Amino acid sequence: MISRAKSEALFAEALQHIPGGVNSPVRAFRAVGGQPFFVDRAKGARIWDVDGNELIDYVGTWGPAILGHAHPKIIAAVQHAAERGTSFGIPNPLEVTMARLVKAAVPSVEKVRMTSSGTEACMSAIRLARGFTKRDKIIKFDGCYHGHTDSLLVKAGSGALTFGHPDSAGVPAAFTQHTIVLPYNDVESVKAAFAANPSQIAGIILEPVPGNAGLYLPRPGYLEALREITAANGALLIFDEVMTGFRLARGGAQQRFGIRPDLSCFGKIIGGGLPVGAFGGHAEIMDCLAPLGPVYQAGTLSGNPLAMAAGIAALEELETSDACRKLEELSAQLESGMKDAAKAAGVPVQFNACGSMFCVYFTDRPVHNLADAMHSDRARFAKYFHGMLDAGVYLAPSQFEAGFISTAHTPADIDTTVRAAAKVMKSL
Ligand code: KE4
């Protein structure tokens, strides 16, 4: 019998001090029921909770842990940096190294600015697009999540979707009046939006592979169409690669799909698990940022030496290891095993995957957008989640999140996961 007594005691106290007992909503398990466990430590593809339960981790702190947890090179880099000071608010050499590494991996990035979160990166990219084009309107897609900045928290994904009220309280209508929300994978709706708002749309921001409503992929030609439409209308194409960047390929989704956006947002992996975000693109656009240009953007901890040291270690390790090939192989093994498990159990499942990101939807209809995703059987997902957790496999605690494989996962881990799924799915 699995004991989670220490987690339960911690959660009871956390609820007295922290809203919902968590510092980010999705961690609260509200979408799957029950209560969250508290982690004691993590190493490689595994985490141990405070009650000593060992879990194979497919959340990977929501993407950053692409090399697994506590990678020795990242730990050493952070230790070395910390001994020299934890924050300066003064330019430090690591910021230059990080910028060089991002540019080397992502050719569309001619200049890059660091932030301390993906939310800040996306918020800043939107402000920059508006400042550069002198236009106000922004197109986003339902189910896509770009952090919790007011103007984008509309029909957002991730936690906002999980809670069933996509639009957040506290966001005045005036703050979203310039946000146009369209269905993903629907080119005609984009053309219509530009026709209805001539010379008013500053840009389109999207997750090139949405991972905040589960996971679904761009239909063939969709990203190319967005590139053509934005270029033809003087609007910017902004790829939010906070999740996909440095994961779906060395150069992110834009390399995998061969699209050159005008601006890109990053986070997660480039911080090696420490607080980070970044946005970058054409020098002509980026040079509109203060102190050079009129678009203000700032951050006390932007380019923080510890986050830079961790991110540099992560990017350099990714560069030197054949990470992408290994991740693709593990992902293919998981996909094949999960599909077989669902078939054997007679459970209708859509297994969507792209590189080392994946999602299991409990529905018999293919999932290409948010509307399709909303047809998933969330009660069944919740049972599946807890069954897998009790079997020692930690999946994202919401149907509307993606799973992540790391280079620390092994074929044996995947086999263990698939065997657990085969048993759990029979009980659904
Ligand atoms: P942060 O502000 O959480 O660093 O990044 C926001 C963000 C922006 N863009 C994309 C594509 C993202 O996936 C995210 C954050 N991802 C969620 C996971 N779905 C973070 C988990 C959480 O909110 O606790």
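**Figure 1. Backbone and side-chain polar contacts of the ligand in the predicted model**. A backbone N or O atom of G118 is placed 2.9 Å from an oxygen atom of the ligand. The backbone also takes part at Y145, where an N or O atom lies 3.3 Å from a nitrogen atom of the ligand. At S24 the side chain is involved: one of its N or O atoms is 2.7 Å from an oxygen atom of the ligand. In total, 17 residues surround the ligand. S24 is among the closest of these, together with T119, N212, D240 and E401.

**Figure 2. The two domains of the chain and the interface between them**. The domain assignment gives domain 1 as two segments, 5–70 and 322–426, and domain 2 as residues 72–320. Their C-alpha centres are 25 Å apart. In the interface, 37 residues of domain 1 contact 37 residues of domain 2. The size of an interface is often expressed as the accessible area that is lost when the parts come together. Here, the area buried between domain 1 and domain 2 is about 2,900 Å², and carbon and sulfur atoms give 67% of it.

**Figure 3. The salt bridge between R256 and E328**. One salt bridge is counted between domain 1 and domain 2. The side chains of R256 and E328 meet in a salt bridge with an N to O distance of 2.8 Å. Across the interface of the two domains, 11 residue pairs are in polar contact. On the side of domain 1 that touches domain 2, at least two residues each are supplied by α12 (323–345), β11 (350–354), β12 (357–361) and α13 (370–373). The largest share, four residues, comes from β12. By residue class, this side of domain 1 comprises 24 nonpolar, eight polar and five charged residues.

**Figure 4. The cis peptide bond from A290 to P291**. Omega for this bond is near 5°. P291 is located in the loop between α10 (283–286) and α11 (305–320). Most peptide bonds are trans.

**Figure 5. The positive phi of A70**. Most residues other than glycine have a negative phi. A70 is not a glycine, yet its phi is positive, at about 50°. The residue is found in the loop between β3 (54–57) and α2 (72–82). In the domain assignment, the 5–70 segment of domain 1 ends at residue 70 and domain 2 begins at residue 72.

Methods
Residues numbered from 1 in each chain as written. Predicted model: local features only at pLDDT ≥ 70, side-chain atom pairs only at ≥ 80, totals over all residues. Heavy atoms only, no water. Domains from an automatic or database assignment. Contact = heavy atoms within 4.5 Å. Buried area = accessible area lost by both parts, 1.4 Å probe. Salt bridge = Lys/Arg side-chain N within 4 Å of Asp/Glu carboxyl O. Polar contact = N/O pair within 3.5 Å; in protein donor to acceptor, adjacent residues only side chain to side chain. Nonpolar A, V, L, I, M, F, W, Y, C, P; charged D, E, K, R; others polar. Near = heavy atom within 4 Å.
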